[in-house]
2 protein chains.
Amino acid sequence: MGLYHLDDERQAAVHKIRKRVIENIGRNMDLYGIPLSTGHLYGLLYFADKPMNLDEMGQEMKMSKTSMSTGVRTLLDYKMVNKVWEKGSRKDLYEVEYDWYQSFVDFFDIKWRKSVESNIMVLRKALDETEKLHKEHEHDEVLAAVLQEDQAKMREAVAYYKWLERLIDTFVDGDIFNYVPKEPPEGKS
Amino acid sequence: MGLYHLDDERQAAVHKIRKRVIENIGRNMDLYGIPLSTGHLYGLLYFADKPMNLDEMGQEMKMSKTSMSTGVRTLLDYKMVNKVWEKGSRKDLYEVEYDWYQSFVDFFDIKWRKSVESNIMVLRKALDETEKLHKEHEHDEVLAAVLQEDQAKMREAVAYYKWLERLIDTFVDGDIFNYVPKEPPEGKS
DNA sequence: AACTTTGTACAGTTTTTACTGTACGTACTT
DNA sequence: AAGTACGTACAGTAAAAACTGTACAAAGTT
């Protein structure tokens, strides 16, 4: 049911309530490294009763269509919104992914995993180079001591990132919801 | 064992290896919403063989002491570095928190939890206002329909945030490590 | 094929964030 | 108590990011 079916006064009342929520969602969106305005856009789509196109978004947000385009693309990259097909309309339509658990999982799968993989790769390479350097100067005790410390630290780091990978895996395959169920256990508020 | 005990050539070799790792750590630090240079600072401290003071950091980073001060404060807020006391020195000394699992947990406990709590509060308030508005115009069917949709969405959101709170709880109390152990299960690389 | 409509690349502008230098409060030293 | 060392607040500057308008490519319509 669209907001525009209401008379002005009531429409304004609903709008005011939504606005506070949208602002908050937008503000907290920087946890995901998403700009405030894109967060607002997300909030707008969240309360929209139907998929929106870029022009509608721009109108509501009082921002340029270009900005809407880039904003939506960011949200699409994170799978926080989906493109929707609707016959009759030539415009691209978008709606939010209402399954926030899924959005949470996707965020880690997309952003964190990439970072983790890159870190592991770099650390592996650095460990190799360290080993090589050590072999090249076998009789340098001081160097050996330095390298050993560095290696210990980097091995620790790799172990951590591998743990992070396994954690993300439990997110992606949904196992996390066995351990921390969506429904709260009885007796907890 | 300090790097400066080595001759120039070998010191440079070690430095080069460390540098790549530090750059990567710094770059990936934006996952935590931390500026690149502060990420670098973290990387520097990570490889330092002893706690550092602001002047030393500034020298290594070729940046102002003021920047080091604010950078360190950011890292302290996230508990990624710790202040260290050392008798004899009047300067403040800092070292990284080498327990990265703990840093991970702290990050969520500090940054995500705050956001979650604020979201829940705002949603609760909005739900109340929605209810009030509904009662004030009991015979407005259209309004009722709109409000009902909004309420459904907001209740879903609250449920999600409560799940997130429980997830963060399992991080903080360490339960997560029972489910996703730090040591990988046998047979996995 | 000419004409619309739609989304986005790109260059330029505005706004925000990061960084620096100075200046000052606090606390230690003599 | 005067002097020195240290860390940070604050104002100004430099750099980065967000946003806009124009221009154009792709696809649809007549």
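Which of the 15 residues around DNA strand D come nearest? They are Ser37(A), Ser67(A), Ser69(B), Lys91(B) and Asp92(B), where a residue counts as near a strand if one of its heavy atoms lies within 4 Å of it.

## Before you start

This is a predicted model: local features need pLDDT of at least 70 and side-chain atom pairs count only at pLDDT 80 or more, while totals for chains, interfaces and linings use all residues. Residues are numbered from 1 along each chain as its sequence is written, chains are lettered from A and ligands numbered from 1 in the order in which they are written, and side-chain values use heavy atoms, with hydrogens and water left out.

## Chain A on its own

Let's begin with one protein chain. Chain A has seven helices and two strands; these are DSSP runs numbered from the N terminus, helices being H or I with at least four residues and strands being E with at least two. Walk along the sequence and you meet them in the pattern α-α-α-α-β-β-α-α-α.

Now for its overall dimensions. A compact globule of 189 residues would have a radius of gyration near 16 Å, yet chain A comes out at 24 Å. That radius is taken over C-alpha atoms, and the globule rule is 2.2 Å times the number of residues to the power 0.38. Along the principal axes, the C-alpha atoms of chain A fill a box of roughly 85 × 50 × 30 Å.

## Where the two chains meet

Chain B puts 74 residues in contact with 74 residues of chain A, contact meaning heavy atoms within 4.5 Å. Between them the chains bury about 6700 Å², with 65% of it on carbon and sulfur atoms. Buried area here is the accessible area (1.4 Å probe) that two parts lose on being put together, summed over both. On the chain B side, Leu31(B), Trp163(B) and Tyr179(B) lose the most area to chain A, together 11% of what that side buries.

There are 28 residue pairs in polar contact across this interface, both residues at pLDDT 80 or more. A polar contact is a pair of N or O atoms within 3.5 Å; within protein, one must be able to donate a hydrogen and the other to accept it, and residues adjacent in sequence count only if both atoms are side-chain atoms. Five helices of chain B each bring at least two residues to the side touching chain A: H1 (8-28), H2 (36-47), H5 (100-136), H6 (141-172) and H7 (176-179). H6(B) gives the most, with 20 residues. By class, that side of chain B has 45 nonpolar, 12 polar and 17 charged residues. Nonpolar covers Ala, Val, Leu, Ile, Met, Phe, Trp, Tyr, Cys and Pro; charged means Asp, Glu, Lys and Arg; the others, Gly among them, are polar.

## Salt bridges

Side chains of opposite charge can pair when their charged atoms come close. Over all chains, the structure holds 20 salt bridges, each a side-chain nitrogen of Lys or Arg within 4 Å of a carboxyl oxygen of Asp or Glu. Six of them cross the interface of chain B and chain A. One example is Asp150(A) with Arg18(B), whose closest N and O atoms are 2.8 Å apart.

Another bridge sits inside chain A, joining Asp55(A) to Lys91(A), again with the closest N and O atoms 2.8 Å apart. Asp55(A) lies in helix H3 (residues 54-61) and Lys91(A) in the loop between strand S1 (81-84) and strand S2 (93-96), so the pair ties together parts that are 36 residues apart in sequence.

## Around DNA strand C

DNA strand C has 15 residues around it, and Ser69(A), Asp92(A), Ser37(B), Thr66(B) and Ser67(B) come nearest. Of the strand's atoms within 4 Å of the protein, 77% belong to sugar or phosphate and the rest to bases. A polar side-chain atom of Ser69(A) is 2.6 Å from a phosphate oxygen, one of Arg90(A) is 3.1 Å from a sugar or linking oxygen, and one of Thr66(B) is 3.3 Å from a base oxygen.

Helix H4 (65-77) of chain A and helix H4 (65-77) of chain B each supply at least two residues of this surface. H4(A) has the largest share, four residues.

## Around DNA strand D

Back to the strand in the opening question. Sugar and phosphate make up 79% of the atoms of DNA strand D that come within 4 Å of the protein. The side chain of Thr66(A) has an N or O atom 3.3 Å from a base oxygen, while Arg90(B) has one 3.0 Å from a sugar or linking oxygen. For H4(B), the contribution is four residues, the largest share of the surface near this strand.
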